[in-house]
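Hi everyone, thanks for making time for this. I'd like to walk you through one structure today, going from its core out to its charged pairs and cysteines.

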Amino acid sequence: MTNNFDLRILTGSALPLLGWASSTPLNPDHVTRVDPYACRPGKPSGGLWTSPLINSSDRPPATAWTRWCRSELPHRRPTTLTVLRALADARVLVIDHHDDMTVVDRIYGRGSCAVPQMPTELAAVLGDEASWQELATQRWIDWEAIAGDVEGVQVTETGLCAGGGTIPRLRWDVPTVWFTRPTFDIVEELPLPDARR
């Protein structure tokens, strides 16, 4: 395990209830191993992707992810929302702001920080050096190493904007808790309304 006290680590007891949306029941074996070849610089592959449950007495059960899917991926129609509770002793890495991502990059970052000079023909298209740096960075996060050290990663609303420049920017769509292994209990399964409505 990486020994660095700058990482923000919470236990599962500090997390809210979470939701996993699908058209099939959740089997804890569904938590797949991290595939380092399928990972992107700012987003891992594998694990189990959940989002905090949104409680509302006048609306159907939802998470930020199910609401995002309704607007961005209307063809995706999960029918069940499985409510999960992280195990109290699960170790969860928190990314809440740029400083958190800077520490994650320092410990788990791989590759060169060097950014090649922006070609002149792209200057008119991209408009600024910051956009070029984000596109051209050769730096990535070793998500497999993170999965070996913690049971989950929480990216908050403000953490979604973390990174940039020579630090990999996260590519997560909504606030998320990404489980690296099945360290949660299933609380209940709730039906989701038809996404076509």
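Let's start with the largest nonpolar core, which has 23 residues; the members that touch the most others are Val104, Trp143, Ile146 and Val153. Please keep in mind that this is a predicted model. Which elements give two or more residues to this core? They are strand 6, at 91-95, helix 2, at 98-108, helix 5, at 143-149, and strand 9, at 152-155. The top contributor is helix 2, which supplies five residues.

Take Ile146 as a way into that packing. What does Ile146 touch, once we set aside residues up to four places away in sequence? The list is Leu93, Val104, Tyr108, Ile141 and Val153. There is also a second core, separate from this one, with twelve residues, among them Leu18, Leu26, Val31 and Leu84.

Now for the charged pairs. How many salt bridges does a search of the whole structure find? The count is five, and I'll go through some of them.

In one, the side chain of Asp96 meets that of Arg8, at 3.8 Å from N to O. This pair links distant parts of the chain, 88 residues apart: Arg8 sits in the segment before strand 1, which spans 9-11, and Asp96 is in the loop between strand 6 and helix 2. As for exposure, Asp96 counts as partly exposed because its relative accessibility is 21%. Arg8 is partly exposed too, with a relative accessible area of 35%.

Next come Asp173 and Lys43, whose side chains form a salt bridge with an N to O distance of 3.8 Å. Here the partners are 130 residues apart, again linking distant parts of the chain: Asp173 is in the loop between strand 9 and strand 10, the latter at 176-179, while Lys43 is in the loop between strand 2 and strand 3. Is Lys43 buried or exposed? Lys43 is buried, as its relative accessible area is 16% and the cut-off for buried is under 20%. Its partner Asp173, at 39%, is partly exposed.

Then there is Glu151 with Arg181, a salt bridge at 3.1 Å, N to O. Glu151 is in the loop between helix 5 and strand 9, and Arg181 is in the loop between strand 10 and strand 11, at 184-191, so this pair ties together parts 30 residues apart in sequence. Glu151 counts as buried at 14% relative accessibility, whereas Arg181, at 27%, is partly exposed.

Before we leave the salt bridges, one network deserves a mention: Arg8, Asp96 and Asp100 are joined through salt bridges that share partners.

Let me turn to Asp29, in the loop between strand 2, at 18-22, and strand 3, at 48-54. Asp29 counts as exposed because its relative accessibility is 65%, and the cut-off for exposed is over 50%. How far apart are Asp29 and Pro182 in sequence and in space? They are separated by 153 residues in sequence, while their C-alpha atoms are 7.4 Å apart.

Last stop, the cysteines. A disulfide is a covalent bond between the sulfur atoms of two cysteines. How many disulfides does the structure hold? Zero. Two cysteines to look at are Cys69, which counts as buried at 2% relative accessibility, and Cys161, which counts as exposed at 58%.

That's my tour, and I'm happy to go back to any part of it.

Technical notes
Residues numbered from 1 in each chain as written. Predicted model: local features only at pLDDT ≥ 70, side-chain atom pairs only at ≥ 80, totals over all residues. Heavy atoms only, no water. Core = buried A, V, L, I, M, F, W, Y, C linked by side-chain atoms within 4.5 Å. Buried < 20%, exposed > 50% of the residue type's maximum accessible area, 1.4 Å probe, protein only. Helix = DSSP H or I, 4+ residues; strand = E, 2+ residues; numbered from the N terminus. Contact = heavy atoms within 4.5 Å. Salt bridge = Lys/Arg side-chain N within 4 Å of Asp/Glu carboxyl O. Disulfide = S-S within 2.5 Å.
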